[in-house]
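Visitor: Before we start, please show me what we are going to discuss. I would like a reason for each label you use.

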Amino acid sequence: MIIVWLRLAGIIVIGSTIVYVLVSIYSRSVRRERLENEWDTDPAREGLPRDERDAYIEAGIEAYRHSLRKRLIWLVYIVPLVAISVIVYVVN
Amino acid sequence: MWTYIKWGFRIALLLLVVGFLHYTLPQRDIVRITNTYNKQTPIGANAIFYSSGDSGTADTTAVDTIRDIRFIDAVFPDGESVMVYRNEDTGWVWPPYFKYDSSTLQAEATNLQSDKTNPQWVAVTHYGWRLPIFSVFPNAVRITPVDGPDVQLIPWINIVILSMIAFVIFMLRRMWLQFRERTVDPALQDVEEAWDVVDARADAAAGRAKGVFARTMAWFGTWRAKPRR
């Protein structure tokens, strides 16, 4: 019985971690692309040195690190647990 | 020839996925319960279609065992076609119903048993198939009384689950495209630029190698999305 639960927990942890890593990489990549596009399409910033562009993007990524959006990715761990609890409650 | 093999493979894959979902997702039958009983059931090669013994008891998932399994007989509103459900715990991993109240469900089923003259119609939520040739029975998960045999049930759970699967496939595709755009393509660009340097340095040798490179790039090109026809 305990072994079965441990197996279930292990599967959930491993699966959620894979999803978490993939989603965070994707989310950060999308944010970086948006920052790059913002800089590149802004006429006021044309001709500014490349250092400033890099600094702008790094600042944006740093802001993203503390954003709600990044924190919401933790839902990847919470949603399966909630789903299982709901199923257990409804079925039994 | 290759087209047939390719399409045969795709259709087989699609059938596999659809069959898997059809087996695993819950369905509801409107039936009248006619009998509930236990039966000593030997489980052999069809073990894949059976779940585990009562959760919390000794592990009896081994092949070639005999288990006492609860069954529920039911008849459909047409009065002729019948269905036999098994009533087993599902255990804790697959299929993810997390059902461990088979005894309670059996008691509910017995309570809702009724006869022709005074029918009590129920909705039996179940998954699985009835395959008489392999002695395979769908597993009843939940039994709820309904008003009559003609009640319309909306499969909300299946709608939610299938939407979630579609969303996951959509997101995986987005993620893959993003990965290719941001990581694979720039890497290929680097290779191309490095190759140009080599090319400039040794024209004759590179001329030959470039054929290989062009072929490799063409091969990579086959992985790109093509405009829809």
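**Labels and their reasons**

Visitor: Why is Pro42(B) called exposed?

Guide: Pro42(B) has 10 C-beta neighbours inside 10 Å. A residue is exposed if 12 or fewer other C-beta atoms lie within 10 Å of its own, buried if 20 or more do, and partly exposed in between, with C-beta atoms placed from the backbone. The count for Pro42(B) is 10, so Pro42(B) is exposed. Keep in mind that this is a predicted model, in which local features need pLDDT of at least 70 and side-chain atom pairs count only at pLDDT 80 or more, while totals for chains, interfaces and linings use all residues. Residues are numbered from 1 along each chain as its sequence is written, and chains are lettered from A and ligands numbered from 1 in the order in which they are written.

Visitor: Where does Pro42(B) lie?

Guide: Pro42(B) is part of strand E1 of chain B, residues 27–43. Strands (E, at least two residues) and helices (H or I, at least four) are DSSP runs, numbered from the N terminus. The C-alpha atom of Pro42(B) is 8.7 Å from that of Asp68(B), a residue 26 places away along the chain.

Visitor: What makes the backbone of Phe98(B) worth pointing out?

Guide: Phe98(B) has a positive phi of about 50° and is not a glycine. Most residues other than glycine have a negative phi. Phe98(B) sits in the loop between strand E3 (82–87) and helix H2 (102–111) of chain B.

Visitor: How do you know whether Phe98(B) is buried or exposed?

Guide: By its count: 23 other C-beta atoms lie within 10 Å of Phe98(B), so this residue is buried.

Visitor: What is the phi of Ser135(B)?

Guide: Ser135(B), again not a glycine, has a positive phi near 55°. Its place is the loop between strand E4 (121–127) and strand E5 (139–145) of chain B. Ser135(B) has 16 other C-beta atoms within 10 Å, so the label is partly exposed.

Visitor: What makes up chain A?

Guide: Chain A has four helices and zero strands, and its pattern along the sequence reads α-α-α-α.

Visitor: How does the radius of gyration of chain A stand against that of a compact globule?

Guide: The radius of gyration of chain A is 20 Å, whereas a compact globule of 92 residues would have one near 12 Å. The radius is taken over C-alpha atoms, and the globule rule is 2.2 Å times the number of residues to the power 0.38. The C-alpha trace of chain A spans about 65 × 25 × 15 Å along its principal axes. Of its 92 residues, 0% count as buried.

Visitor: Which residues does Leu8(A) touch?

Guide: Leaving out residues up to four places away in sequence, Leu8(A) touches Trp92(B) and Val93(B). Contact here requires C-beta atoms, placed from the backbone, within 7 Å. Leu8(A) belongs to helix H1 of chain A, and with 17 other C-beta atoms within 10 Å it is partly exposed.

Visitor: Why are H1(A) and H3(B) called oblique?

Guide: Helix H1 of chain A (residues 2–41) and helix H3 of chain B (residues 156–201) pack at about 55°, their axes 10 Å apart. Axes are lines fitted to C-alpha atoms, for helices over the stretch in contact, and angles run from 0 to 180 degrees between N-to-C directions. Under 35 degrees is roughly parallel, over 145 roughly antiparallel, 65 to 115 roughly perpendicular, and the rest oblique. H1(A) and H3(B) are therefore oblique to each other.

Visitor: Which residues meet where H1(A) packs on H3(B)?

Guide: Leu22(A), Tyr26(A), Ser29(A), Val30(A) and Glu33(A) meet Met175(B), Gln178(B) and Arg182(B). This contact has four nonpolar, two polar and two charged residues. Ala, Val, Leu, Ile, Met, Phe, Trp, Tyr, Cys and Pro count as nonpolar, Asp, Glu, Lys and Arg as charged, and the others, Gly among them, as polar.

Visitor: How many residues of the two chains are in contact?

Guide: 15 residues of chain B contact 16 residues of chain A. H3(B) gives the most to the chain B side, with three residues. That side divides into eight nonpolar, three polar and four charged residues.

Visitor: At what angle do H1(A) and H4(A) pack?

Guide: H1(A) and helix H4 of chain A (residues 75–91) pack at about 145°, with axes 9 Å apart. Ile12(A), Ser16(A), Val19(A), Tyr20(A) and Val23(A) meet Val76(A), Tyr77(A) and Pro80(A). The classes in this contact are seven nonpolar, one polar and no charged.
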